[in-house]
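Please read the following points with the sequence and the model open beside you. They are meant for a colleague who has not met this structure before.

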Amino acid sequence: MPARQGHALSPIPPADSAAPVHEESSQALKPFQSSISIGVQTTVESQELEVVLQKLALAVEDTSAINQKNGISEVKEARDRLQEALAEGRAMSLSKDQLAAAERQRRRIHNLYQDLKGHLRIYCREMESLKVDGNILEVTLTGDTYEFDGIFDTSSSQEDIFDSSCDLAQSALDGHNVTVFCYGITGAGKTYTMYGAPEADGLAQRMISELFRKVDMNDEKVTISGSMMELYNNHLVDLLRPIDWQGRQNPPLSMKLDKSGNVQVEGLAKERASEEHELQAIFQRGLEQRAVAAHAMNAESSRSHVLFTVYLTKEDSDRTSKLHFCDLGGCERLKKTEVEKDQDRKLEAIEINKSLSALGDVIEAIARKKKYIPYRNHKLTQLLQDALGGTAKALMYVNCSPSSATIRETANALKLANRAKNVVNLASEPCSPTSRGRGPD
């Protein structure tokens, strides 16, 4: 019986045969050859997947004993190894369950690295009244010496400053509340360090970019929003809402603690941002409404505390972490500002000094592990109640003035900074703040 036309029944010639292969035969072989190719590729991918899984398991096992007794370089090496293994796992599209153990270990060691790294940086310009030797700073007028986690001189760039704190973006994504402070006398460069200038982005803008970079890199499912407010003469002002000529708003903002101990500001505008440029725009719009007042020390001095906050809520979590950028008002004596005859400016200076004193008292109480923490002594410390102490992270940049005439104010700022350095965090796993130290309602 003759074969049906179109079927390749002719034998396949040997490889060294010169006999031509019929077109029909060639077409019939293609699906078979293709299936062999796919089978080989799948095998190779399976082998690569197994290697990545083994690398993850080995990284978890080898870093399980890492703790506070290890040196900071060892801790950093362990963290970097886990991050590298996780990045390879994500590139291979491993599931969350397959990455879970390594991710938990990475979070623990990253948090440990932050604790060992320290929470205080000093931004200092060279001046006759301060001597710097490595991380040791001496106030020549008083003879006091301080050792800080980092000292930056006039040759340091904005990028150098940011590099010392960029890891805090990961801490915020891991669920910790994080606060970055800029503190010091008026005119020392606090606002420049925090918010930068048109030609040089500050910490806030760079941290926003870092947040979105990490979200994209790790394929995080996270909702991001931002708010900005200022505390002026003990009044809260929402910088994303219209402000009247007196700097007031209706209805006014008010604070409360929820059942979990998280600070909630009722009436505060929080705007969603799906892209980096959207959050940068929210930030810039808030800056445009900042209240500034001229006085003898600095014609552009802010007479308020400004708090820009980024809120992060992961898809698989019901907890929102906060990343605060707190540009504190300048600390100085009234005589230095020459505002005794200007009642409004005088009240501003008094209120700023009162709030900074309250912040110092809270830091002191946390550092000494007191049972009662005086958060309620001022609105500034009430605002930051869930971001100071506990498992929260706080980093402070103290800006030192180049003027020898203000050395006493600089010395006072360094004393508070030294107290802040003694704050020790609790357990590494992020948790909701408690009402510890709140005082009576």
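**Notes on the model**

1. K369 lies in the loop between α10 (343–367) and α11 (379–383), where helices are DSSP runs of H or I with at least four residues, strands are runs of E with at least two, and both are numbered from the N terminus. The phi angle of K369 is near 60°, a positive value in a residue other than glycine. With a relative accessibility of 67%, K369 counts as exposed, a class that begins over 50% relative accessible area, while buried means under 20% and partly exposed lies in between, for a 1.4 Å probe and protein chains only.

2. A word on the source is needed early: this is a predicted model, in which local features need pLDDT of at least 70 and side-chain atom pairs count only at pLDDT 80 or more, whereas totals for chains, interfaces and linings use all residues. Residues are numbered from 1 along each chain as its sequence is written, and side-chain values use heavy atoms, with hydrogens and water left out.

3. As for the chain overall, the protein has 12 helices and 16 strands, and 47% of its 441 residues count as buried. Among contacts with a separation of 6 or more, 70% join residues 24 or more positions apart, a contact being heavy atoms within 4.5 Å. The accessible surface is about 22500 Å², and carbon and sulfur atoms hold 49% of that surface; the areas come from the Shrake-Rupley method with a 1.4 Å probe, and for residues only the protein chains shown count as cover.

4. S93 should be looked at alongside K369. The phi angle of S93 is near 65°, again a positive value in a residue other than glycine, and S93 is placed in the loop between α2 (72–91) and α3 (96–117). At 63% relative accessibility, S93 counts as exposed. As background, most residues other than glycine have a negative phi, and most peptide bonds are trans.

5. A further backbone feature to check is the peptide bond from N250 to P251, which is cis, with omega near 5°. P251 is found in the loop between β10 (235–238) and β11 (254–257).

6. How do the helices on either side of S93 pack? The axes of α2 and α3 come within 9 Å and cross at roughly 150°, the axes being lines fitted to C-alpha atoms over the stretch in contact, with angles from 0 to 180 degrees between N-to-C directions. The two helices are therefore roughly antiparallel to each other, a term for angles over 145 degrees, with under 35 as roughly parallel, 65 to 115 as roughly perpendicular and the rest as oblique. The crossing of α2 past α3 is left-handed, meaning that the near helix is turned anticlockwise from the far one by less than a right angle, while clockwise would be right-handed. Residues meeting here include I72, V75, L82 and L86 in α2 and L99, I109, L112 and L116 in α3. By class, the contact of α2 with α3 divides into 11 nonpolar, four polar and six charged residues, where Ala, Val, Leu, Ile, Met, Phe, Trp, Tyr, Cys and Pro are nonpolar, Asp, Glu, Lys and Arg are charged, and the others, Gly among them, are polar.

7. A second helix pair is α7 (residues 203–217) with α8 (residues 276–287), whose axes come within 10 Å and cross at roughly 155°. That makes α7 roughly antiparallel to α8, and α7 passes α8 in a right-handed crossing. The contact is made by A204, Q205, I208, S209 and F212 of α7 together with E276, L279, Q280, F283 and Q284 of α8; these comprise five nonpolar, four polar and one charged residues.

8. F212, in helix α7, deserves a separate look. F212 is buried, with a relative accessible area of 6%. Not counting residues up to four places away in sequence, F212 touches I224, A273, S274, E275, E276 and L279. The C-alpha atoms of F212 and S274 are 9.3 Å apart, although their positions lie 62 residues apart along the chain.9. Two more long-range pairs complete the note. R319, in the loop between β14 (305–314) and β15 (320–327), is buried, with a relative accessible area of 18%; R319 and G175 are 144 residues apart in sequence and 7.6 Å apart in space, C-alpha to C-alpha. E45 lies in helix α1 (residues 23–63) and is partly exposed, with a relative accessible area of 43%. The C-alpha atoms of E45 and M92, 47 residues apart along the chain, are separated by 8.9 Å.
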